[in-house]
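Here is a walk through one protein model, with a stop at its backbone oddities and then a look at the empty spaces. Keep the structure open while you read.

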Amino acid sequence: MTTRLILGKDVSEEIYAELRQRIEALKAKGVTPGLAVVLVGEDPASQVYVRKKGEMCESLGMHSVTVRMPAETTQEQLMAKVAELNADPAIHGFLVQLPLPKHLDEEQVINAISPSKDVDCFHPENVGRMLIGEPTFLPATPAGVQQMLIRSGVETKGKHVVVVGRSNIVGKPMAAMMVQKGAGADSTVTVVHSRTQNLPEITRQADILIVAIGKPRFVTADMVKEGAVVIDVGTNRIEDPTRSSGSRLVGDVDFDAVKDKTSAITPVPGGVGPMTICMLMANAVKAAEKASGRDSE
């Protein structure tokens with residue numbers, strides 16, 4: 001069996017080309033899509049991610065704002081910044097980068113973001129709209145996975161999708177999206193997690209296996225059906241003395257052991273990773289389109 005690699009870079013480039021056209025159309029109406037990111041504290045991974053978001057905004061010709069706040073920022077100060085961004089007409093979408101320092105209440109912050117600007121799709125209203133099949137936005141990583149399936153020609157209709165993991169960021173929304181009517185969905189969905197009994201027995205039934213559990217190389221060859229499509233959302237840093245950095249990235253799937261059993265698989269790095277920022281940009285453009293549509297009514 002020939003295994004096909006599904007690469008996030010290829011899929012995201014296709015989407016960026018479409019976004020550039022939509023951004024040009026907005027600019028012709030005098031609207032420049034604006035995305036703001038609020039970063040509290042000095043978390044290194046968050047800093048890298050926020051920098052990449054800013055660079056992508058610039059390359060697409062969008063208005064980009066990064067708000068840096070010290071780790072000792074109070075809840076009151078952060079809520080005031082959220083209110084300010086909610087009211088700023090030049091900012092069409094924004095997010096507060098998680099995780100926040102321990103003393104801050106993430107839920108209160110998420111709930112305060114205007115649903116029309118919630119490009120992370122964490123606000124309960126947007127989560128609810130996604131669940132009933134009338135989304136304002138879709139969460140970036142699950143939306144990226146769905147686009148990878150659609151644009152690489154993977155048939156999802158009537159297929160058994162098994163999602164490994166039940167996080168609010170990937171697992172739950174992924175399951176909710178795959179069960180909807182429409183392109184890249186119409187699937188029969190099973191969610192497995194840390195309390196699931198006979199987990200390998202269930203993953204072996206998957207036509208499409210989507211893994212987001214945060215455990216390096218958790219899924220092994222005996223857990224995958226011959227010919228399955230495997231999407232690995234995991235990003236784990238493990239020690240590797242052969243690398244100059246002393247470490248390397250691996251997914252939640254044991255790629256080398258699993259790949260020959262699959263019809264298609266995403267590598268780590270280079271698979272789902274590039275799609276998250278791509279779909280965030282798509283949400284920001286959509287927010288700007290919605291806002292400009294309302295303005296012209």
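Start in the loop between H7 and strand E6 (188-192), where you'll find Asp-186. Bear in mind throughout that this is a predicted model. Asp-186 has a phi near 55°, which is a positive value in a residue other than glycine. Is Asp-186 buried or partly exposed? With 30% relative accessibility, Asp-186 counts as partly exposed, because the partly exposed class runs between 20% and 50%.

Further along, in the loop between E6 and helix H8 (199-203), sits Asn-198. Its phi is also positive, near 55°, and Asn-198 isn't a glycine either. For context, most residues other than glycine have a negative phi, and most peptide bonds are trans.

That brings us to the cis bonds. One joins Leu-98 and Pro-99, with omega at about 0°, and Pro-99 belongs to the loop between E4 and H4. Another cis bond runs from Val-268 to Pro-269, with omega near -5°. Pro-269 is placed in the loop between strand E11 (264-265) and H10.

**The chain as a whole**

Zooming out, the protein chain has 10 helices and 11 strands. Its radius of gyration is 20 Å, close to the 19 Å that the globule rule gives for 297 residues, so the chain is as compact as a globular protein of that length. Taken along the principal axes, the C-alpha atoms fill a box of roughly 55 × 45 × 35 Å.

How much of the chain is buried? Buried residues account for 48% of the 297. Contacts reach well along the sequence: of those between residues at least 6 apart, 71% join residues at least 24 apart. On the outside, the accessible surface is about 14100 Å², and carbon and sulfur atoms hold 51% of that.

**Pockets and a cavity**

Now for the empty spaces. Rolling a probe the size of a water molecule over the atoms shows where empty space is left. Here are the volumes, side by side.

| Space | Volume |
|---|---|
| Largest pocket | About 1500 Å³ |
| Second largest pocket | About 390 Å³ |
| Largest cavity | About 60 Å³ |

Take the largest pocket to begin with. Its lining runs to 47 residues, and those nearest its centre are Tyr-49, Thr-141, Thr-235, Gly-273 and Thr-276. Elements that give two or more residues to this lining are helix H1 (8-28), helix H2 (44-60), strand E4 (93-96), helix H6 (140-151), strand E9 (236-239) and helix H10 (273-295). Which element gives the most? It's H2, with 8 residues. By class, the lining of the largest pocket splits into 25 nonpolar, 13 polar and 9 charged residues.

Thr-276 is worth a click here. This residue lies in helix H10, and at 14% relative accessibility Thr-276 counts as buried, because the cut-off for buried is under 20%. Ignoring neighbours within four places in sequence, Thr-276 is in contact with Tyr-49, Ala-140 and Thr-141. Of those partners, Tyr-49 and Thr-141 are also among the residues nearest the centre of the largest pocket.

The second largest pocket is lined by 17 residues, with Cys-121, Phe-122, Val-127, Asn-168 and Ile-169 nearest its centre. Helix H4 (106-112), helix H5 (124-131) and helix H7 (171-178) each supply at least two residues of that lining. The lining breaks down into 12 nonpolar, 2 polar and 3 charged residues.

How many cavities of 30 Å³ or more turn up in a search of the whole structure? The search finds 1. Lining this largest cavity are Phe-94, Leu-95, Val-96, Leu-98, Val-109, Ile-110, Ile-113, Asp-118, Asp-120 and Phe-122. E4 and H4 are the elements that give two or more residues to the cavity lining, and E4 has the largest share, with 3 residues. The cavity lining has 8 nonpolar residues, no polar ones and 2 charged ones.

A couple of names turn up again if you look back. Leu-98 lines the largest cavity and is also joined to Pro-99 by a cis peptide bond. Phe-122 lines the cavity as well, and it is listed among the residues nearest the centre of the second largest pocket.

Key. Residues are numbered from 1 along each chain as its sequence is written. This is a predicted model: local features need pLDDT of at least 70, side-chain atom pairs count only at pLDDT 80 or more; totals for chains, interfaces and linings use all residues. Side-chain values use heavy atoms; hydrogens and water are left out. On a 1 Å grid over the protein atoms alone, a cavity is a set of points where a 1.4 Å probe fits but cannot get out, and a pocket is an open set with protein on both sides within 12 Å along at least five of seven lines; lining residues have an atom within 4 Å of a point. Grid points are joined across faces, edges and corners, and a volume is the space filled by probe spheres set on the points. Helices (H or I, at least four residues) and strands (E, at least two) are DSSP runs, numbered from the N terminus. Ala, Val, Leu, Ile, Met, Phe, Trp, Tyr, Cys and Pro count as nonpolar, Asp, Glu, Lys and Arg as charged, and the others, Gly among them, as polar. Buried means under 20% relative accessible area, exposed over 50%, partly exposed in between (1.4 Å probe, protein chains only). Contact means heavy atoms within 4.5 Å. The radius of gyration is taken over C-alpha atoms; the globule rule is 2.2 Å times the number of residues to the power 0.38. Accessible areas come from the Shrake-Rupley method with a 1.4 Å probe; for residues, only the protein chains shown count as cover.
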